[in-house]
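This report describes one protein for a reader who is beginning to study structures. Please keep the sequence and the model in view while reading.

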Amino acid sequence: ACFEVFLNSSIWDWILVLSTCKPEEFTGRNLYLQLVTILSMGILLLVSLFAMRLTKSTTQTIQTTLQGLKAIENGNLATRIPVMTQDEIGTIQTSINTMIAKVAETTEALRRSEARFHNLLDRLPAFIILQATDYSIKYVNKYFREQFGNSSQQCCYELFQGRQTPCETCPTRQIFNHPDDTSTLWEMSAR
């Protein structure tokens with residue numbers, strides 16, 4: 001004859017079955033049940049601790065990555081995200097660092113190119129004005145600054161006509177409205 005003991009656990013919604021066909025092994029059934037319950041609880045505790053540690057580690061890694069991304073978003077291209085794992089998150093962190101290094105290189109190359117361009121414009125013996133569609137003057141070269149002063153914070157109609165509003169027949173507006181025209185000639189004078 002075989003004997004079976006069923007233990008219903010309301011904590012885990014499990015039924016534990018202990019079965020034996022040798023009656024002498026069944027005499028210590030309470031001991032077996034307690035041993036199995038303790039082992040099950042121990043395994044469950046270890047799995048829970050491991051899951052908590054893994055979750056904490058992953059959360060911490062993601063938080064560090066987000067802090068680095070926030071610094072990069074704020075313009076700090078010298079920021080590097082520490083690569084803390086060798087898994088997919090570590091691969092993402094490495095890729096972000098590589099991408100930011102390339103962006104920083106490109107930004108620096110662009111800054112140097114812009115400085116060379118401005119240096120070239122400053123050497124020309126002609127008035128060079130870079131103007132935006134909102135009439136603001138974004139750049140003036142050295143020759144212009146020597147003749148009219150540094151006027152890069154003004155609008156063209158303020159600087160050249162002493163007006164508070166754009167000119168009715170604005171030649172710059174004509175250029176912006178008809179970009180296919182190759183050239184437009186107009187006369188200007190400083191106030």
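## Surface and burial

The protein exposes about 14400 Å², an area obtained by the Shrake-Rupley method with a 1.4 Å probe, where for residues only the protein chains shown count as cover. Carbon and sulfur atoms supply 58% of this exposed area. Of the 191 residues, 20% count as buried; a residue is buried under 20% relative accessible area, exposed over 50%, and partly exposed in between (1.4 Å probe, protein chains only).

A nonpolar patch on the surface is formed by Leu-45, Leu-46, Leu-49 and Met-52, which together have about 440 Å² of accessible area. Patches consist of residues with over 30% relative accessible area and no salt bridge; like charges are joined within 9 Å, and nonpolar side chains (Val, Leu, Ile, Met, Phe, Trp, Tyr) within 5 Å. Leu-49 belongs to helix H2 (residues 29-73) and, at 46% relative accessibility, counts as partly exposed.

## Model and confidence

This is a predicted model, in which local features need pLDDT of at least 70 and side-chain atom pairs count only at pLDDT 80 or more, while totals for chains, interfaces and linings use all residues. Residues are numbered from 1 along each chain as its sequence is written, and side-chain values use heavy atoms, with hydrogens and water left out.

The term pLDDT denotes the predictor's confidence in each residue, from 0 to 100. Its mean for the protein is 82, and 78% of the residues reach 70 or more. Among the elements, helix H3 (residues 88-123) has the highest mean pLDDT, 94, and helix H1 (residues 23-26) the lowest, 57. Where pLDDT is low, the predicted coordinates should not be read in detail.

## Overall architecture

The secondary structure comprises six helices and four strands. Helices (H or I, at least four residues) and strands (E, at least two) are DSSP runs, numbered from the N terminus. From that end, the elements follow the order β-β-α-α-α-β-β-α-α-α.

A contact means heavy atoms within 4.5 Å. Among contacts between residues at least 6 apart in sequence, 26% join residues at least 24 apart.

## Two threonines in loops

Thr-79 is located in the loop between H2 and H3 and is buried, with a relative accessible area of 13%. Not counting residues up to four places away in sequence, Thr-79 touches Gly-68, Ala-71, Ile-72 and Ile-100. A polar atom of the Thr-79 side chain lies 3.1 Å from the backbone oxygen of Asn-76.

Thr-165 occupies the loop between helix H5 (156-161) and helix H6 (171-177). Thr-165 has a relative accessible area of 43% and is partly exposed. Its C-alpha atom is separated by 9.8 Å from that of Tyr-135, 30 residues apart along the chain.

## Salt bridges

A salt bridge is a side-chain nitrogen of Lys or Arg within 4 Å of a carboxyl oxygen of Asp or Glu. By this rule, the count is five. Asp-122 pairs with Arg-145, their closest N and O atoms being 3.5 Å apart. Asp-122 lies in helix H3 and Arg-145 in helix H4 (residues 142-148), so this pair ties together parts that are 23 residues apart in sequence.

Salt bridges that share partners also join Glu-108, Arg-111 and Arg-112 into one network. The closest N and O atoms are 2.5 Å apart for Arg-111 and Glu-108, and 3.5 Å apart for Arg-112 and Glu-108. Because Arg-111 and Glu-108 are three residues apart in helix H3, about one helical turn separates them.

Methods: Polar contact = N/O pair within 3.5 Å; in protein donor to acceptor, adjacent residues only side chain to side chain.
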